[in-house]
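Trainee: I am new to this structure and would like a close look at one part of it, the second largest pocket, and then at whatever surrounds it. Could you take me through it slowly?

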Amino acid sequence: MKSYKKYDPVDFAQDASFIRWVLHHTPKDTAFWQNWLTENPEMEASVEEAKLLVLHLKFKEKEPTSDKLNNLWEKIDQGIASNPSKSRFILLRPLYLTGAAAAAILLLLITFNILKPYPVDADRIYVTTQNAETKTFLLPDQSKVQINAASEIQYQKENWSDYRTLELIGEAYFEVEKGEKFTVVTHLGNIEVLGTKFNVYYRGKKLKVACYEGSVRVSLSNKESHTLSPGKSIVFDSFSVTHGNFDQNSSQIWINKDFEFENVPYKEYFGEVERQFNVKINVSDSSMYESLYHGYFSTDSTVEAALQKACFVSGWKYSPISEDKSVFLITRN
Amino acid sequence: MNDFQNDTEIWDSLRNGQKLALELIYRKFAPDLIKYGHKFSENEQLIEDCIQDLFIELWKNHKGLGRTDAIKPYLLAAIRRKIIRKLQQDKKWVLSNEDHSYPFDLELASDEQMIESEMHAEQVKKLKTAFDSLSNRQQEAIYLKYYSGLEYEEIGKIMNINYQSLRNLVSAALKKMKDNVGALLFILVLCIFFCFF
C-alpha cells in the first residue's frame, strides 16, 4: 500500500488510481478514495486541490468526422492494394546510395538464382464485407459461402481442391460440395467437414458452430474435439463449451435476414445491430452490456425496431440516430 | 464497440495476416492518432499522409511485427516519429536531436459547467496562462497522461525519456500550475465544498 499520507496535491494529481477516480469514477477507485478520505479527513484540502487540478486538465479537441475517417481508410486500403512498394521508397530516400548498392547486390543474387524473389501472394484471395454488407461467392470447387457483415475470409486459390482450407473472422454460412476434407480455420478452433451445410460465427472470444446438414467436426483450441449432427450447435467462449439444439429446418437464420439471440449479453446483440445497420451504439453505463438478452431482429425491419425491442425489455431509452449514425442508450432513471 | 476484447488478440490477428484486424485497429485508434497528430501541426494533409503511411507499413510488415499488449502507445510513438521527421524534412531542419525542437500546440478547454462564477472564470484564465507557459515537452507529457490515459512507462517510450525525468517533468509542470492559482484555488475549494456537501 502506498503511503498516500505523505502526498501533496501534485503527487495525488499524478496517481493513476486518483486520476481514474476523478475523471472516470471507476467503482473500485471511487470506493477506495471515499474510504481513504473518511479515514484521513485532514487530507481533504490537498485532495480537493488535486481534484480541481486534474479536472482542469482538459484539452480543446476536434473529433475527426466519420466521413474523414472513412475516406482516410479508403486511401489506406487502396494504398495497400495498388502501390505495394510506395512506402518502401519513401523510407529509403535519404539512404538512396545504400539503397542503390543493396539493389545492385539483390539483382546479382537474383540473376544467379542465389536468392529467389519473395513469393507474392498473388493467388491469396481475400473476401471482406463492411458493416451492413453481405456477400455470396463460390469457392473453386463450387462450394457456396455466404459471408455476413464485417467479416473476412481468406484462402489460397492455387491447388484449392487439395487443401480446401480457409480462414474466417466474423460469420459465414457454408454449403460445401462433397470431396476432400474442408476446413474452416479460426483462432478458437478448426471446423472440419466432408460435405455439409453449417454456420460459423467467430468474433472476439466466441466461436459458435451450428450444423444444418451432414456432420461437422469441431477441434477447439483447448484440444477438445466435438462432432455435431444436424440441429446441434456448440459455443466455445475460450473457457467453456456449451452444447445447444435448434431446428435445422427453420428459416430463422441470418442468411434469411433473421437474427435470433438466446441469452446472450447485450454487448453481443448490439454488436450485431451495429454491423447489420452500420450504426454506432453508445451506452451510458457499461454494465448495460453485461445483462442477458433473449430476442431477435430482422434486417427487413429498421434499426429503430431492433433497438426498440431491446429497450422495451430493459426499460431503457434510445436517442434519435444522429447524422454520423450514432445512437445513445440510457437507463430511464 | 469492438469485437476484439483485448489488444493482444487483435494484434496477433494482424501479425497472422488478417486484414480485418488492420481495419479494426484503424477504426479503434485513428481518431486518437489524428487528434494527437494535430498537436504537432495544423496541416491536415500532412497528418493524414503520415497515418496512411503508418497503416500501409503496418500491413506490409505484419509478418515482422513483435507481440504487444498495448497497441495505442505503439501507434502514438510511431505517428510521432513520422510527423516529426516529416516536419523536419519540410522545413529542412538539421537537428541532431529531434526531441528538443518540435512544435506542440495544446490548449486547455474551459469546461462550461465549471465556469459558473466570474471568480471561476478568472481562475480558469490563470490556469490557462500557467499552462501556456509550460514547455512543449511538459504539455505533451500532460496530454498523454491525462487525455490519452497512458502510464508513465508508456509515455516515456513514446517521448524517448526515462521514467524519472518524465515524472520530474510532469511534477514541475503541475506544481507551476498549482502555484499560479494557489490562493484562488483554496477559496474555490471552499466554495465547492459548501455547494456539494
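Mentor: What follows begins with the pocket and then moves outward through chain A and on to chain B.

Please keep in mind that this is a predicted model. The second largest pocket has a volume of about 1,300 Å³, and its lining is made up of 44 residues, with Lys206(A), Lys208(A), Val235(A), Val264(A) and Glu268(A) lying nearest the centre. Sorted by class, that lining has 16 charged residues, along with 14 nonpolar and 14 polar ones. If you trace the elements of chain A that each supply at least two residues of the lining, you will meet strand E8 (197-203), strand E9 (206-213), strand E12 (232-236), strand E13 (241-245), strand E14 (258-265) and helix H9 (266-277). The greatest contribution comes from E14(A), which gives eight residues.

One of these strands, E12 of chain A, holds Ser233(A), a residue that is useful for seeing what lies around it. Ser233(A) has a relative accessibility of 9%, and so it counts as buried, since the cut-off for that word is under 20%. Once its neighbours within four places in sequence are set aside, Ser233(A) touches Lys208(A), Val209(A) and Ala210(A), then Leu228(A), and also Thr242(A), His243(A), Gly244(A), Asn245(A) and Phe246(A). Among these partners of Ser233(A) is Lys208(A), which you have already met as one of the residues nearest the centre of the pocket.

The aromatic residues of chain A are a natural next step. A single aromatic cluster is formed by Phe259(A), Phe261(A), Tyr266(A), Tyr269(A), Phe270(A), Phe277(A), Tyr289(A), Tyr293(A), Phe297(A) and Trp316(A). One member of the cluster, Tyr289(A), also has a charge placed over its ring, for the charged end of Lys267(A) sits there at 4.9 Å from the ring centre. A similar arrangement involves Tyr296(A), whose ring has the charged end of Lys309(A) over it, 4.5 Å from its centre.

Stepping back to chain A as a whole, you will find ten helices and 18 strands, and of its 333 residues, 41% count as buried. Where contacts in this chain join residues at least 6 apart in sequence, 45% of them join residues at least 24 apart. One backbone detail also deserves a look: Lys325(A) is not a glycine, and yet its phi is positive, at about 65°. That residue belongs to the loop between strand E17 (316-318) and strand E18 (326-331) of chain A, where Lys325(A) is partly exposed with a relative accessible area of 39%.

Chain B is built in another way, with eight helices and zero strands. Of the 197 residues in chain B, 52% count as buried, and 68% of its contacts with a separation of 6 or more are between residues 24 or more positions apart. Within helix H1 (residues 7-15) of chain B you can pick out Trp11(B), which counts as buried because its relative accessibility is 0%. Leaving its neighbours within four places aside, Trp11(B) is in contact with Ile25(B), Leu58(B), Leu65(B), Gly66(B), Arg67(B), Thr68(B), Ile71(B) and Tyr74(B). For Ile25(B), which is 14 residues from Trp11(B) along the chain, the C-alpha atoms of the two are separated by 8.1 Å.

Aromatic pairs number 46 over all chains of the structure. In one of them, the ring centres of Tyr36(B) and Tyr143(B) are 6.1 Å apart and the planes are at 5°, so this pair counts as stacked. Because Tyr36(B) lies in helix H2 (residues 19-38) of chain B and Tyr143(B) in helix H6 (residues 136-147) of chain B, the pair ties together parts that are 107 residues apart in sequence. Tyr36(B) and Tyr143(B) are both buried. Another pair, Phe40(B) with Phe104(B), is edge-to-face, at 5.1 Å centre to centre and with 80° between the planes. Phe40(B) is in the loop between H2 and helix H3 (44-60) of chain B, while Phe104(B) is in the loop between helix H4 (71-91) and helix H5 (118-132) of chain B, 64 residues apart. Both Phe40(B) and Phe104(B) are buried.

How values were computed:
Residues numbered from 1 in each chain as written. Chains lettered and ligands numbered in written order. Predicted model: local features only at pLDDT ≥ 70, side-chain atom pairs only at ≥ 80, totals over all residues. Heavy atoms only, no water. 1 Å grid on protein atoms, 1.4 Å probe; cavity = no way out; pocket = protein on both sides within 12 Å on 5 of 7 lines; lining within 4 Å. Points joined across faces, edges and corners; volume = space filled by probe spheres on them. Helix = DSSP H or I, 4+ residues; strand = E, 2+ residues; numbered from the N terminus. Nonpolar A, V, L, I, M, F, W, Y, C, P; charged D, E, K, R; others polar. Phe/Tyr/Trp six-rings, centres within 6.5 Å; stacked < 30°, edge-to-face > 60°. Buried < 20%, exposed > 50% of the residue type's maximum accessible area, 1.4 Å probe, protein only. Lys NZ or Arg CZ within 6 Å of the ring centre and 35° of its normal. Contact = heavy atoms within 4.5 Å.
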